[in-house]
Amino acid sequence: MDPLSAISEELAEIDGQITDIFRALSNGFQKLEKIKDSNRQSRQLEELTDKMRDCKRLIKEFDREVKNIERVNDPDTSRMLSEKKQTMIKELNSYVALKKQYASNLENKKIDLFDGPAEEYGEQNVLLASSMTNQQLIDNGNQMMDETDQAIERSKKVIHETINVGTETAAALKAQTEQMSRIVNELDSIHFSIKKATKLVKEIGRQVATDRCIMGLLVLVVIGVIAIIIVKLVHPNNKDIRDIPGLAPPAMTRKLLWNPN
């Protein structure tokens, strides 16, 4: 059983992926030695470079996972994982150095290929110029100058268009900045209005509560007065109930001293 599996399944999976990449790199460089064509060598070297980038990413993931579980590992396990990471880094660096060597050799080959034809073209141009008359040389020179002038004009046109685009972009950015400033000011005004409205609502709420209390007291007073009036009308001779100010006392019933019947 893989010792990394006992520590962490994720570490074991990452280690397996890195091992596969190292195997592919080894086979790739062996294949690169057998390739003679420069273009095929360049493509093969790009593929190997991509694999080395993937390997570097996986080594970083391996290091992060080791740090995540470091607090639960014993010293021997931590040392083993550190040595494992260093081994991976050394092996990757060896492939990086090998890739740089192949890239340097390939670049030297390209320089050699371009140097040869350039000299041949130079010699052909010298021979061609020597076989031309003065008028032909003048016409050729004028043609080259016209082509150069046209190229310069095209470059000027591109520069002017670039300046115009830059000016329009700057104006648009300025307008957007001013618009953002206005929006910020409007948001500040809205925020102030909301705070003022909230304060006003609280004051209105307190006034409503006060008015309700006063109305409740008035209702209680009215109910009390009505109750006293009712009691006074029902029991007019009850001396325990005081007369209500402003309300006439009940009329006394007259008793006749002599009744003819």
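Author: Helices (DSSP H or I runs of at least four residues) and strands (DSSP E runs of at least two) are numbered from the N terminus. The model is predicted, so local features need pLDDT of at least 70 and side-chain atom pairs count only at pLDDT 80 or more, while totals for chains, interfaces and linings use all residues. Residues are numbered from 1 along each chain as its sequence is written, and side-chain values use heavy atoms, with hydrogens and water left out.

Reader: Which pattern does the protein chain follow when read along the sequence?

Author: The secondary structure of the protein chain contains zero strands and five helices. Read from one end of the sequence to the other, the pattern is α-α-α-α-α.

Reader: How much of the protein chain counts as buried?

Author: A residue is buried under 20% relative accessible area, exposed over 50%, and partly exposed in between (1.4 Å probe, protein chains only). The protein chain has 261 residues, and the part that counts as buried is 16%.

Reader: Which helix gives the largest share of the largest nonpolar core?

Author: A nonpolar core is a set of buried Ala, Val, Leu, Ile, Met, Phe, Trp, Tyr and Cys residues joined through side-chain atoms within 4.5 Å. The largest one has 24 residues, and Phe-22, Phe-29 and Cys-55 are among those with the most contacts inside it. Two or more residues each come from helix H2 (9-34), helix H3 (38-68) and helix H4 (75-130). The largest share, nine residues, comes from H2.

Reader: How far apart in sequence are the parts that Lys-84 and Asp-15 tie together?

Author: A salt bridge is a side-chain nitrogen of Lys or Arg within 4 Å of a carboxyl oxygen of Asp or Glu. Lys-84 and Asp-15 form one, with their closest N and O atoms 3.3 Å apart. Lys-84 lies in helix H4 and Asp-15 in helix H2, so the parts tied together are separated in sequence by 69 residues.

Reader: Is Asp-15 buried or exposed?

Author: Its partner Lys-84 counts as partly exposed, because its relative accessibility is 30%. For Asp-15 the value is 10%, so Asp-15 counts as buried.

Reader: By about how many helical turns are Asp-76 and Arg-79 separated?

Author: Asp-76 and Arg-79 form a salt bridge, the closest N and O atoms being 3.0 Å apart. Asp-76 is exposed because its relative accessible area is 54%, while Arg-79 is partly exposed because its value is 45%. The two are three residues apart in helix H4, so the separation is about one helical turn.

Reader: Which residues are joined into one network by salt bridges that share partners?

Author: Asp-63 and Lys-67 form a salt bridge, with closest N and O atoms 3.5 Å apart. They are four residues apart in helix H3, so about one helical turn separates them. Salt bridges with shared partners give one network of Asp-63, Lys-67 and Lys-85.

Reader: How many salt bridges does a search of the whole structure find?

Author: The pairs of Asp-63 with Lys-67 and Asp-76 with Arg-79 were described above. For the whole structure the search gives a total of seven.

Reader: What accessible area do the residues of the nonpolar surface patch have together?

Author: Patches are made of residues with over 30% relative accessible area and no salt bridge, with like charges joined within 9 Å and nonpolar side chains (Val, Leu, Ile, Met, Phe, Trp, Tyr) within 5 Å. Accessible areas come from the Shrake-Rupley method with a 1.4 Å probe, and for residues only the protein chains shown count as cover. Ile-183 lies in helix H5 and counts as partly exposed because its relative accessibility is 35%. Together with Met-180, Leu-187, Ile-190 and Ile-194, Ile-183 forms a patch of about 470 Å².

Reader: How far are the C-alpha atoms of Pro-3 and Thr-77 separated?

Author: Pro-3 belongs to helix H1 (residues 3-7) and is exposed because its relative accessible area is 52%. Pro-3 and Thr-77 are 74 residues apart along the chain, and their C-alpha atoms are separated by 9.8 Å.
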